[in-house]
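The exercises below are meant to be worked with the sequence and the coordinates side by side. Try each task before reading its solution.

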Amino acid sequence: MMMHLDIEVNDLSSAVELALALGATVTDFQPQDDVRVLFDPTGHPLCLFVRTGPSA
């Protein structure tokens, strides 16, 4: 079974840099400007996102 994680971050670019340093890869498809879809080193998908809108 494969799980998908959605992880809220405060700074998207810094979080992506950290994930890449830890072995993640960025996917070709990116659905939104405030979300980055990545694969962890074993190939599981995850999304890093910054909350936007009224509750941000």
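**Exercise 1. Describe the setting of Asp6 and of Asp11.**

Asp6 lies in strand β1, where strands (E, at least two residues) and helices (H or I, at least four) are DSSP runs numbered from the N terminus. The model is a predicted one, in which local features need pLDDT of at least 70 and side-chain atom pairs count only at pLDDT 80 or more, while totals for chains, interfaces and linings use all residues. Residues are numbered from 1 along each chain as its sequence is written, and side-chain values use heavy atoms, with hydrogens and water left out.

Step 1 concerns accessibility. Asp6 counts as exposed because its relative accessibility is 53%, given that buried means under 20% relative accessible area, exposed over 50% and partly exposed in between, with a 1.4 Å probe and protein chains only.

Step 2 turns to the surroundings of Asp6. Its C-alpha atom is 4.7 Å from that of Cys47, although the two residues are 41 apart in sequence. Leaving aside neighbours within four places in sequence, Asp6 is in contact (heavy atoms within 4.5 Å) with Cys47 and Phe49. The side chain of Asp6 also makes a polar contact with the side chain of His4, at 2.9 Å; such a contact is a pair of N or O atoms within 3.5 Å, where within protein one must be able to donate a hydrogen and the other to accept it, and residues adjacent in sequence count only if both atoms are side-chain atoms.

Step 3 moves to Asp11, which is placed in the loop between β1 and α1. Asp11 is partly exposed, since its relative accessibility is 39%, and its side chain makes a polar contact with the side chain of Ser13 (3.1 Å). Between the C-alpha atoms of Asp11 and Val50, which are 39 residues apart along the chain, the separation is 7.1 Å.

**Exercise 2. Reconstruct the sheet from its strand pairs.**

Step 1 is to list the elements. The protein chain has 1 helix and 4 strands, and from the N terminus on they run β-α-β-β-β.

Step 2 is to find the partners of β4, where two strands pair if DSSP finds at least two bridges between them. Strand β1 (residues 5-8) and β4 are parallel and share 4 bridges; here Ile7 stands opposite Leu48, and Glu8 stands opposite Phe49. Strand β3 (residues 35-39) runs antiparallel to β4 and is joined to it by 5 bridges, with Phe39 opposite Pro45. The hairpin that β3 and β4 form has 5 residues between the strands, and Gly43 in the turn has a positive phi of about 100°.

Step 3 is to assemble the order. The 4 strands make an open sheet with mixed pairing, in the order β1-β4-β3-β2. Its edge strands are β1 and β2 (25-26), each of which pairs on one side only.

**Exercise 3. Is Leu48 buried or exposed, and what surrounds it?**

Step 1 is to locate the residue. Leu48 lies in strand β4 (residues 45-49) and is buried, because its relative accessible area is 5%.

Step 2 is to examine the strand as a whole. In a regular strand the side chains alternate between the two faces of the sheet. Both faces of β4 are covered, with Pro45, Cys47 and Phe49 buried on one side and Leu46 and Leu48 buried on the other.

Step 3 is to collect the contacts. Beyond residues up to four places away in sequence, Leu48 touches Ile7, Val9, Leu12, Ala15, Val16, Ala19, Asp34, Val35, Arg36 and Leu38. With the corresponding neighbours left aside, Val16 is in contact with Val26, Arg36 and Leu48.

Step 4 is to identify the core, a set of buried Ala, Val, Leu, Ile, Met, Phe, Trp, Tyr and Cys residues joined through side-chain atoms within 4.5 Å. The largest nonpolar core has 9 residues, namely Val9, Leu12, Ala15, Val16, Ala19, Ala24, Leu38, Leu46 and Leu48. Both α1 (12-21) and β4 supply at least two residues of this core, and α1 gives the most, with 4 residues.

**Exercise 4. Summarise the chain as a whole.**

Step 1 is the share of buried residues, which is 29% of the 56 residues in the protein chain.

Step 2 is the contact pattern: among contacts with a separation of 6 or more, 39% are between residues 24 or more positions apart.

Step 3 is the extent, for which the C-alpha atoms fill a box of roughly 35 × 25 × 15 Å along the principal axes.
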